[in-house]
2 protein chains.
Amino acid sequence: MSDKLNELKIRLAEVDDLSSAAAVLGWDQQTYMPAGGAEARGRQMATLQRLAHEKFTDEQIGYLLEELQQAGADWAYDSDEAALLRVTQRQYTQAIRIPSDFVAEVASHGAAAFNAWTTARPANDFAAVRPLLEKTLELSLRYASYFPGHAEPIDPFIDNADHGMNAATVGALFDQLRAALVPLVQAIGAQPLADDEVLRRGYPEAAQIAFGEEMARQLGYDFSRGRQDKTYHPFATKFSINDVRITTRLDEHFLNEGLFGTIHEVGHAMYEQGVAQALEATPLASGTSAGVHESQSRLWENLVGRSRRFWEHFFPVLQAAFPTQLNDVSLDTFYRAINRVEPSLIRVEADEVTYNLHVMLRFDLERALLKGELAVADLPAAWNGRMESDLGLTPPDDRHGVLQDVHWFDGLLGGGFQGYTLGNVMSAQFFAAAQTAHPEIPDQIRGGSFDTLRGWLTENIYRHGMKFTARELVERATGSPLTIEPYMAYLRHKYGELYGL
Amino acid sequence: MSDKLNELKIRLAEVDDLSSAAAVLGWDQQTYMPAGGAEARGRQMATLQRLAHEKFTDEQIGYLLEELQQAGADWAYDSDEAALLRVTQRQYTQAIRIPSDFVAEVASHGAAAFNAWTTARPANDFAAVRPLLEKTLELSLRYASYFPGHAEPIDPFIDNADHGMNAATVGALFDQLRAALVPLVQAIGAQPLADDEVLRRGYPEAAQIAFGEEMARQLGYDFSRGRQDKTYHPFATKFSINDVRITTRLDEHFLNEGLFGTIHEVGHAMYEQGVAQALEATPLASGTSAGVHESQSRLWENLVGRSRRFWEHFFPVLQAAFPTQLNDVSLDTFYRAINRVEPSLIRVEADEVTYNLHVMLRFDLERALLKGELAVADLPAAWNGRMESDLGLTPPDDRHGVLQDVHWFDGLLGGGFQGYTLGNVMSAQFFAAAQTAHPEIPDQIRGGSFDTLRGWLTENIYRHGMKFTARELVERATGSPLTIEPYMAYLRHKYGELYGL
């Protein structure tokens with residue numbers, strides 16, 4: 001039996017080598033690659049991904065899984081072995097269901113739609129992308145058809161991103177959240193806007209990078225197993241549990257970009273660095289789902305990084321790095337500035353409170369598109385109506401509305417958004433559980449110590465990698481199913497205090 | 001027929017994708033990778049190289065070559081098609097002769113020998129590596145045995161690095177060169193040593209990098225299809241004709257390191273950037289041989305970069321970059337400093353004139369080892385004797401003698417050295433031919449214009465990639481077989497003037 005398991009692991013490591021190599025090429029493409037390299041790089045990455053897919057869907061892997069499953073009944077559910085079989089079987093079944101012709105068609109359509117979007121967006125021309133989006137919808141429905149038995153077509157996408165969840169559960173959670181958030185946003189909107197001028201005073205790039213790296217180090221990101229580089233669209237990427245990198249983008253005229261972008265990616269990266277070494281080079285060796293991954297970036301970014309106590313420790317360090325900009329600024333002014341709430345048209349510029357409304361709008365619209373309840377032609381109007389009802393704003397044009405995100409124009413519908421809000425909801429539930437277990441955490445943060453919190457996250461989340469689903473992980477770590485209560489309690493408390501509600 | 005050719009090209013492009021991906025991973029490993037990434041990186045690169053080998057030795061490639069060769073008799077020798085078949089057939093035949101077990105054994109022995117060397121060298125302990133070197137010799141002879149029909153065992157290695165050459169031709173050339181060089185070195189040695197204090201005045205790294213990039217740009221290195229990064233052991237590497245990168249190492253206390261290291265790698269990189277775009281992603285899309293490649297790095301480094309006329313243009317630029325260090329220095333003093341000749345024990349620190357003596361010593365010793373005319377146990381004594389006769393120096397210990405280079409301790413014997421001197425010899429022959437065709441080149445260099453020279457090299461060497469062998473290329477470009485005359489004429493003229501011989 002251990003022979004078969006070994007053979008399976010060797011095959012999976014080969015797949016991992018190919019995917020990790022593709023990730024290195026992707027990292028280089030977005031950090032250092034000269035413009036001339038683009039064409040060859042596209043070809044090279046496509047070859048690596050194709051070979052990884054071929055190797056993973058080799059029928060020999062199917063046989064090995066079968067033989068091991070028949071024999072492996074005595075492996076405990078929590079064991080690495082049982083989890084490896086469980087997760088590999090799930091991914092294998094999924095991979096073999098998708099014809100490679102279909103993958104190629106999606107890739108080629110995605111490239112065409114992306115190209116069209118890059119000119120349609122500045123030209124404010126929804127009509128130009130409409131037929132492409134209709135094709136995207138058709139392809140998305142075809143994808144869903146490879147996974148029969150779902151209640152509605154978005155379910156296979158949700159399951160893919162956060163295994164075990166579906167439209168019914170996510171939709172119910174989002175409905176509750178929206179009902180609670182809209183009044184909070186309105187209440188905040190009735191108060192005077194916070195002033196964030198102090199964040200816009202001109203912060204030289206090199207000093208921002210140095211501060212960001214110091215902050216990352218103190219939070220617990222291990223630079224001997226990672227590094228930070230500049231890029232245009234920040235991301236974290238993993239080539240091994242021991243090589244997990246972050247990238248950042250800095251704006252010399254708006255400090256939030258670099259500060260919270262860095263903490264966000266550090267959150268993703270510490271999750272990957274914290275996976276147990278025993279899982280290296282297997283399908284278990286990464287964060288378990290889109291939602292849980294986002295919960296880790298958002299926990300560090302928002303619950304830790306946008307807290308007053310965090311800046312009680314770091315604000316003097318930041319002042320020392322930028323004395324001319326910040327020496328006349330109080331901690332309170334700074335804290336209010338970084339937590340300014342203002343309903344806006346653009347998702348990626350939204351604050352912590354309004355952000356989820358942008359996400360849920362998209363989720364509900366793509367769900368409706370996929371169910372056939374909304375036509376692509378009616379999408380702009382539906383978008384604008386929802387912006388009005390949720391955020392009280394009407395987009396002046398589609399550029400500031402339905403055309404703003406790349407997500408619907410470079411692949412399929414259904415997989416891209418809900419994880420952001422699931423992550424926000426989870427982040428507060430995890431943080432509350434950590435604080436219940438270790439009531440000293442807030443004081444430690446105030447003192448610049450993050451080990452207890454990171455230790456709890458490592459023990460309860462990071463080390464498990466993909467062994468447990470998002471739902472299992474939430475219940476194991478917090479003792480209850482996913483709920484919006486801790487998240488709403490966090491927002492109400494924090495913003496109640498900030499805006500005197 | 002064009003279907004078969006297309007199928008072959010698709011298969012070769014896949015191999016190229018895998019090798020290029022491995023090259024990206026290697027570049028990252030030597031520039032940015034954090035220490036923690038090493039173990040996974042080794043595994044990933046090994047997987048890519050293994051798959052590239054598997055794909056290239058697929059019997060389908062053999063069949064395609066056979067069918068195409070039967071049908072392709074009407075392709076002209078100079079055509080891309082004929083060259084593609086010729087070179088692919090040669091590489092294919094070679095690749096399928098080497099058992100993959102043997103490759104694995106060499107890799108594992110190489111790692112062991114390298115490890116032993118890293119401790120034996122500082123400990124000055126030749127006895128500790130002797131048995132490993134004996135095993136290296138045995139493996140090298142086994143390698144040679146896969147290529148029956150050679151006159152002596154080093155021939156397959158030479159053929160591999162510079163197809164069409166062998167020990168008899170290289171040995172004869174080297175004997176002539178040595179006979180001419182030793183007296184020149186002695187004559188220079190009888191003169192007062194040039195003073196290179198001006199190179200050791202402390203040159204801050206950032207300004208060195210900026211100057212190096214400006215110089216690279218003016219020489220014609222295309223930064224839109226390349227870039228420069230720092231590393232420990234400088235190299236050039238190619239991921240595509242349109243992504244050819246250089247790396248550099250700087251020494252703030254010795255200017256030569258960065259200056260000439262940069263020009264050297266620029267020479268390699270301009271060769272790869274200059275290959276015709278039609279050859280992209282085929283085996284033809286790289287420099288044709290070790291010797292010709294080195295001829296391009298050395299031509300730019302020495303015949304151009306260490307010439308007085310080059311510095312007539314660049315010395316004022318260098319002075320502007322380092323005014324406090326260089327404003328009191330004359331062009332003449334600087335020119336003498338960068339061309340200081342001094343027999344020394346260490347190859348990698350050797351000057352332009354004595355360098356070849358180090359190389360030929362190694363070539364003759366490995367040739368003798370492989371022929372069975374020298375025992376590993378007698379290697380240190382043979383080394384020291386030859387240092388005495390050629391350079392007039394006796395190594396005080398093996399650390400400064402036979403243990404100094406990594407080459408014999410990380411792979412096989414026979415392939416590593418001769419290309420350096422072949423390249424030097426070729427560089428002068430190419431440069432002389434370019435100058436005959438364009439007598440204005442020296443004046444242009446003096447004026448900071450390198451386009452005519454680079455144009456001639458592109459036309460006669462770069463664009464052909466691997467289409468022609470080193471020998472063919474030399475004869476086509478210069479009208480005569482490889483000869484030491486232009487090289488000795490260059491050295492005698494330059495150093496005769498410098499040292500008043």
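1. A good place to start is a pairing in chain A: Gln228(A) has Ile246(A) of β3(A) as its bridge partner. This is a predicted model, in which local features need pLDDT of at least 70 and side-chain atom pairs count only at pLDDT 80 or more, while totals for chains, interfaces and linings use all residues. Residues are numbered from 1 along each chain as its sequence is written, with chains lettered from A and ligands numbered from 1 in the order in which they are written.

2. Now the wider pairing: β1(A) runs parallel to β3 (residues 243–248) of chain A, over three bridges. Strands here are DSSP runs of E, at least two residues, and helices are runs of H or I, at least four residues, numbered from the N terminus; two strands pair if DSSP finds at least two bridges between them.

3. Together, three strands form an open sheet in the order β1-β3-β2 (chain A), with mixed pairing. Its edges are β1 (228–230) and β2 (236–240) of chain A, each paired on one side only.

4. Two loop residues also deserve a look. Ala281(A) is not a glycine, yet its phi is positive, near 65°; this residue sits in the loop between α10 (255–273) and α11 (290–304) of chain A. Ala281(A) is buried, with 21 other C-beta atoms within 10 Å (buried means 20 or more, exposed 12 or fewer, partly exposed in between, with C-beta atoms placed from the backbone).

5. In chain B, Asn124(B) likewise has a positive phi, about 60°, and lies in the loop between α5 (100–123) and α6 (126–145). Asn124(B) counts as partly exposed, because it has 14 C-beta neighbours inside 10 Å.
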